[in-house]
Amino acid sequence: MTVKIVDASLSSFDQVFSKFKADAPNFNSNFILFLADNEPSTNLSWCPDCVRAEPVIYKKLEESEANVALLRAYVGDRPTWRNPAHPWRTDSNFKLTGVPTLVRWEKDAITGRLEDHEAHLPTKIDALLASAK
């Protein structure tokens, strides 16, 4: 079906996330993908796990029969992300420990997640998609 992608940085996240939550009922499945920022010189993420996982995640979402909304939330550059006080590390909803992290968002809560060590695995992504139906 279709995948609607919206992007947010740390500074724009609250505003973009509010709209994402308001639009959530219009989609069969809603996901948030936390990613490392791209390096301006290469236009690739500074995080090798993100580089590996992104194409697999996008392919699986596009193959889904559901209408999917995806919020890509960029955690910042490496020093910003490494800070233990990073807002998404300390947030009671997200409790991020690594990137990429893919979460399913339903009824104003996280109802499934794939951490950095598993977010590139097609079978894990399939299972997360299947549980969202």
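This passage walks through a helix, a nonpolar core and a loop residue in a predicted model.

Helix 2 is a good place to start. It covers residues 48-63, 16 residues in total, and spans 24 Å from its first C-alpha to its last, close to the 22 Å expected at 1.5 Å a residue. The helix isn't quite straight, though: there is a bend of about 25° at E54, and a proline, P55, follows within four residues. E54 also turns up among the buried residues of helix 2, along with C50, A53, I57, Y58, K60 and L61. In an α-helix, residues three or four places apart point the same way, because each turn takes 3.6 residues. As for what lies over the buried residues of helix 2, the cover includes strand 1 (3-8), strand 2 (29-35), strand 3 (68-74), strand 4 (101-106) and helix 5 (122-130).

I57 leads on to the largest nonpolar core, a set of 40 residues in which I32, F34, I57 and F94 have the most contacts. Helix 1 (13-23), strand 2, helix 2, strand 3, strand 4 and helix 5 each put in at least two residues, and strand 3 gives the largest share, with six. Take I32: leaving aside neighbours within four places in sequence, its contacts are F17, F20, L70, L71, A73, F94, T101, L102, V103 and W105.

P84 paints another picture. This proline sits in the loop between helix 3 (78-82) and helix 4 (87-90), and is exposed, with a relative accessible area of 67%. Setting aside residues up to four places away in sequence, P84 touches R89 and T90. From P84 to Y58 is 26 residues in sequence and 29 Å in space, C-alpha to C-alpha.

Key: Residues are numbered from 1 along each chain as its sequence is written. This is a predicted model: local features need pLDDT of at least 70, side-chain atom pairs count only at pLDDT 80 or more; totals for chains, interfaces and linings use all residues. Side-chain values use heavy atoms; hydrogens and water are left out. Buried means under 20% relative accessible area, exposed over 50%, partly exposed in between (1.4 Å probe, protein chains only). Contact means heavy atoms within 4.5 Å. The expected span of a helix is 1.5 Å times one less than its number of residues. The bend at a residue is the angle between axes fitted to the seven residues ending there and the seven starting there. A nonpolar core is a set of buried Ala, Val, Leu, Ile, Met, Phe, Trp, Tyr and Cys residues joined through side-chain atoms within 4.5 Å.
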